[in-house]
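Reader: Could you take me through one part of this model up close? I'd like the sheet at the start of the chain, and then whatever you think belongs beside it.

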Amino acid sequence: MIEIDNVVAGYTADIDILRGMTLAVQPAEIVTLLGPNGCGKSTLLKTIAGYLLPRSGSVTLQGKNVSQIPVHQKIRHCSLGFVPQTENVFSALTIRENLQVGGHYMAPADCRARMDELCVLYPILGKKFNAPAASMSGGERQILALARALMPRPEILLLDEPSAGLSPKVLHEVFDAIVQVRNQERVTVLMVEQNAMEALRISDRAYVLSMGAVALTGRADALMRDEQVRELYLGGRAH
Ligand SMILES: Nc1ncnc2c1ncn2[C@@H]1O[C@H](COP(=O)(O)OP(=O)(O)O)[C@@H](O)[C@H]1O
Ligand SMILES: [Mg+2]
């Protein structure tokens with residue numbers, strides 16, 4: 001479970017990017033963050049992950065206040081997986097080596113067992129296990145990035161634009177991969193997406209952000225049906 005309470009954060013001392021952000025994600029929910037470029041979506045994920053520490057307000061993960069715990073400790077001790085917006089696989093490394101990077105802190109036998117599990121969940125990984133990640137398509141690389149974050153069996157997963165740059169068909173494969181791990185491992189997912197309508201289809205709820213705070217929230221199906229919401233926030237008509 002993720003609880004963000006009145007968080008204020010920014011990159012420089014004089015400018016707040018998050019200006020009193022409050023939201024929550026329940027266990028095993030998929031929640032999407034929407035909103036225009038620059039409104040603070042990636043900044044929120046970075047603040048939850050601990051790349052940025054809040055100036056005030058609190059970040060609570062699985063019931064523990066972890067507001068001031070930096071990223072390297074959070075990933076290791078707070079059951080958190082993070083897939084950033086760009087540069088999220090090592091092209092020169094094989095699929096196996098990329099997964100091993102994700103399993104860095106695990107005992108070798110456990111790391112191998114987890115790789116086997118993830119290759120069952122996502123067969124493409126097993127198929128190309130010893131090939132360099134550079135040989136994968138865009139969608140396959142996204143699935144590898146997801147699997148790498150899943151190596152230590154996180155309870156919480158943060159995904160920053162997992163479908164960026166993908167064709168509609170491949171986008172569905174990546175979204176299916178997200179739904180699959182939520183269903184099988186009950187992982188709690190908070191993701192940022194530009195493909196609003198497609199993301200809402202796999203989400204339980206969504207938050208629309210504006211200028212560093214929540215402008216609107218609701219169940220995904222209700223937001224999709226609301227014509228005014230579609231016009232104002234979701235880039236027009238459903239198709
Ligand atoms: N590393 C950084 N240093 C300073 N400002 C940044 C940095 N990253 C993002 N920003 C600024 O923070 C604001 C929010 O950015 P971001 O959270 O990346 O937006 P979004 O992901 O919603 O498009 C923008 O004004 C952006 O210019
Ligand atoms: Mg962003």
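Author: Sure, let's start with that sheet. It is an open one, built from 4 strands in the order β2-β1-β4-β5, with antiparallel pairing. The edges belong to β2 (18–25) and β5 (64–65): each has a single partner strand, so one side of each has no neighbour in the sheet. Keep in mind that this is a predicted model.

Now zoom in on the β1 and β2 pair. Strand β1 covers residues 2–9, and 6 bridges tie it to β2, with the two running antiparallel. If you want a spot to anchor your view, look at I2, which sits opposite V25 in β2. As you follow either strand, remember that side chains in a regular strand alternate between the two faces of the sheet.

Next, helix α1. 8 of its 9 residues are buried, so the rest of the structure largely encloses this helix. The buried ones are K41, S42, T43, L44, L45, T47, I48 and A49. Just after α1 comes G50, with a positive phi near 100 degrees.

One of those buried residues, S42, also takes part in a metal site. The magnesium ion (ligand 2) is coordinated by S42 (OG) together with Q85 (OE1), at 2.1 to 2.6 Å. These two come from distant parts of the chain, 43 residues apart: S42 belongs to helix α1 (residues 41–49), while Q85 lies in the loop between β6 (80–83) and α3 (95–102). Their surroundings are worth a look too. S42 has 18% relative accessibility and the cut-off for buried is under 20%, so S42 counts as buried. Q85, at a relative accessible area of 37%, is partly exposed.

The loop with Q85 runs on to α3, so let's follow the chain there. The axes of α3 and helix α6 (residues 138–150) come within 7 Å and cross at roughly 35 degrees, and the crossing is right-handed. On the α3 side the contact involves I95, N98, L99, V101 and G102, which meet L144, A147 and R148 in α6. By class, that contact has 5 nonpolar, 2 polar and 1 charged residues.

Last stop, a hairpin further along. Strands β9 (residues 205–210) and β10 (residues 213–219) run antiparallel and are joined by 6 bridges. V208 has L216 in β10 as its bridge partner. The hairpin leaves 2 residues between the strands, and M211 in the turn has a positive phi of about 45 degrees.

Technical notes
Residues numbered from 1 in each chain as written. Chains lettered and ligands numbered in written order. Predicted model: local features only at pLDDT ≥ 70, side-chain atom pairs only at ≥ 80, totals over all residues. Heavy atoms only, no water. Pairing = 2+ DSSP bridges. Donors = N, O, S within 2.8 Å, 3.2 Å for Na, K, Ca; no water. Buried < 20%, exposed > 50% of the residue type's maximum accessible area, 1.4 Å probe, protein only. Axes fitted to C-alpha atoms, helices over the stretch in contact; angles between N-to-C directions. Left-handed = near helix turned anticlockwise from the far one by under 90°. Contact = heavy atoms within 4.5 Å. Nonpolar A, V, L, I, M, F, W, Y, C, P; charged D, E, K, R; others polar.
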